[in-house]
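Here are a few exercises to help you find your way around a structure that's new to you. Have a look at it first, then try each task before reading its solution.

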Amino acid sequence: MISREPSIVVGDFNYDTLKLGDEKFTNDYINAFMCSGFAPMINRPTHFKGQSVTSIDQVWSNIVTDSSTSGILNVSTSNHFPIFASIPTSAESIENGEDQKIIKV
C-alpha cells in the first residue's frame with residue numbers, strides 16, 4: 001500500500017542494501033519499500049566490521065525533493081557510522097520544493 005502521508009522510516013534494519021540483486025530476501029525488502037512509494041536516502045556503507053562493509057543503517061522516505069539531503073558522518077565512535085536526513089516538513093514546502101521548515105532525522 002502506498003502511503004499518502006509524508007513518511008520517514010529510519011533504523012538499523014540488518015538488511016544490507018548493497019546486496020541488491022545478490023540475495024532474494026534483500027531484493028524483497030527493498031522492493032517492499034520501493035513499491036510502497038519510498039526511496040532510500042542512504043546508499044553507501046554505514047557499518048564496518050573487520051574487512052566487511054554493509055549498508056544496514058537506513059533512511060527511507062516518500063518525501064524526496066531537490067531540497068532533501070542525507071548522508072553519513074565519518075565518526076568512528078562505533079562500527080556504525082551515524083546517518084542523517086534533512087527533509088522539508090510542511091506540505092507547502094514539499095509541493096513547491098521550498099525550504100520553509102527542515103527536520104533533521
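**Exercise 1: a covered strand**

Work out how well covered strand S5 is, and which way its side chains point. Keep in mind that this is a predicted model.

Solution. Start with the count: S5 spans residues 57-61, and five of its five residues are buried, so the strand is mostly covered. Next, sort them by direction. Asp-57, Val-59 and Ser-61 point one way, while Gln-58 and Trp-60 point the other way. Both sets are buried.

**Exercise 2: the neighbours of S5**

Find the strands that pair with S5, and say in which sense they run.

Solution. Take S1 (residues 8-12) to begin with: this strand pairs with S5 in the antiparallel sense, over five bridges. To locate the pairing, look for Val-10, which stands opposite Val-59. Now turn to S2 (residues 39-40), which also runs antiparallel to S5 and is joined to it by two bridges. Here Ala-39 has Ser-61 as its bridge partner.

**Exercise 3: two residues, two settings**

Decide whether Ser-36 is buried or exposed, and do likewise for Arg-4.

Solution. Place Ser-36 in the loop between helix H1 (24-35) and S2. Its relative accessible area is 17%, which is under 20%, so Ser-36 counts as buried. A polar atom of its side chain lies 2.9 Å from the backbone oxygen of Ala-32. Arg-4 sits in the segment before S1. With a relative accessible area of 79%, over the 50% cut-off, Arg-4 is exposed. Finally, check the spacing: the two residues are 32 residues apart along the chain, and their C-alpha atoms are separated by 9.7 Å.

Note on methods: Residues numbered from 1 in each chain as written. Predicted model: local features only at pLDDT ≥ 70, side-chain atom pairs only at ≥ 80, totals over all residues. Heavy atoms only, no water. Buried < 20%, exposed > 50% of the residue type's maximum accessible area, 1.4 Å probe, protein only. Helix = DSSP H or I, 4+ residues; strand = E, 2+ residues; numbered from the N terminus. Pairing = 2+ DSSP bridges. Polar contact = N/O pair within 3.5 Å; in protein donor to acceptor, adjacent residues only side chain to side chain.
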